[in-house]
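This report concerns a single protein chain. Please consider the sequence and the coordinates shown here before reading on.

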Amino acid sequence: MAEQIMNLIGPRVREIRESKGWTQDELATRCNLLGWSISRGTLGKIEARVRRITDAEVALLAKALEVDVSELFREER
């Protein structure tokens with residue numbers, strides 16, 4: 001059975017985070033400062049597409065990454 005993809009934005013989150021030179025710990029800390037209690041491990045699961053993410057969480061993640069929500073859904077080529 002093929003692994004189920006749980007979200008669409010995981011790879012973009014990783015790309016954006018890495019382009020800023022941030023670790024998963026640093027991004028998790030930024031999310032926590034915005035009021036979203038998330039661990040580095042959970043963030044890793046989002047990036048690996050093995051955890052679902054709510055629309056409210058997408059909005060907080062975009063804010064923490066300092067990008068528009070639409071950037072999280074944009075496909076890189």
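The sections below treat the overall fold, the first helix, the salt bridges, a loop residue and a surface patch.

## Overall fold

The model is predicted. The protein contains five helices and zero strands, so that from the N terminus its elements run α-α-α-α-α. The C-alpha trace spans about 40 × 25 × 25 Å along its principal axes. The radius of gyration is 12 Å, which agrees with the value near 11 Å expected for a compact globule of 77 residues.

Of the 77 residues, 34% count as buried. Among contacts with a separation of 6 or more, 62% join residues that are 24 or more positions apart. The exposed surface of the protein amounts to about 4900 Å², and carbon and sulfur atoms supply 50% of that area.

## Helix 1 and its buried face

Helix 1 covers residues 10-19. Its buried residues are Gly-10, Arg-12, Val-13, Ile-16 and Arg-17. Seen down the axis of helix 1, these residues fall within an arc of 160 degrees, and therefore they line one face of the helix. They pack against helix 2, helix 3 (40-47), helix 4 (55-65) and helix 5.

Just after helix 1, Gly-21 adopts a positive phi of about 75 degrees.

## Salt bridges

The whole structure holds nine salt bridges. Arg-12, Glu-15, Glu-71 and Arg-74 are linked in a network of such bridges. Within this network, Arg-12 pairs with Glu-15, with the closest N and O atoms 3.0 Å apart. Arg-12 and Glu-15 are three residues apart in helix 1 and therefore separated by about one helical turn. Arg-12 is buried, since its relative accessible area of 8% is under the 20% limit. Glu-15, at 35% relative accessibility, counts as partly exposed.

Arg-12 also forms a salt bridge with Glu-71, where the closest N and O atoms are 3.1 Å apart. Because Glu-71 lies in helix 5 and Arg-12 in helix 1, this pair ties together parts that are 59 residues apart in sequence. Glu-71 is partly exposed at 25% relative accessibility. A further salt bridge joins the side chains of Arg-14 and Glu-47, at 3.4 Å from N to O. Arg-14 belongs to helix 1 and Glu-47 to helix 3, so the pair ties together parts that are 33 residues apart in sequence. Arg-14 is partly exposed at 30% relative accessibility, whereas Glu-47 is buried at 2%.

## Trp-22 in the first interhelical loop

Trp-22 is placed in the loop between helix 1 and helix 2 (24-33). With a relative accessible area of 13%, Trp-22 is buried. Leaving aside residues up to four places away in sequence, Trp-22 touches Arg-17, Leu-27, Arg-30, Ala-64, Leu-65 and Glu-66. Arg-17 is also one of the buried residues of helix 1.

The C-alpha atoms of Trp-22 and Arg-12 are separated by 14 Å, these residues being ten apart along the chain.

## A nonpolar surface patch

Leu-8, Val-69 and Phe-73 form a nonpolar patch on the surface. Together these residues have about 300 Å² of accessible area. Phe-73 is found in helix 5, which comprises residues 69-73. At 47% relative accessibility, Phe-73 counts as partly exposed.

Terms used
Residues are numbered from 1 along each chain as its sequence is written. This is a predicted model: local features need pLDDT of at least 70, side-chain atom pairs count only at pLDDT 80 or more; totals for chains, interfaces and linings use all residues. Side-chain values use heavy atoms; hydrogens and water are left out. Patches are made of residues with over 30% relative accessible area and no salt bridge: like charges are joined within 9 Å, nonpolar side chains (Val, Leu, Ile, Met, Phe, Trp, Tyr) within 5 Å. Accessible areas come from the Shrake-Rupley method with a 1.4 Å probe; for residues, only the protein chains shown count as cover. A salt bridge is a side-chain nitrogen of Lys or Arg within 4 Å of a carboxyl oxygen of Asp or Glu. Helices (H or I, at least four residues) and strands (E, at least two) are DSSP runs, numbered from the N terminus. Buried means under 20% relative accessible area, exposed over 50%, partly exposed in between (1.4 Å probe, protein chains only). Contact means heavy atoms within 4.5 Å. The arc is that of the directions from the helix axis to the C-beta atoms. The radius of gyration is taken over C-alpha atoms; the globule rule is 2.2 Å times the number of residues to the power 0.38.
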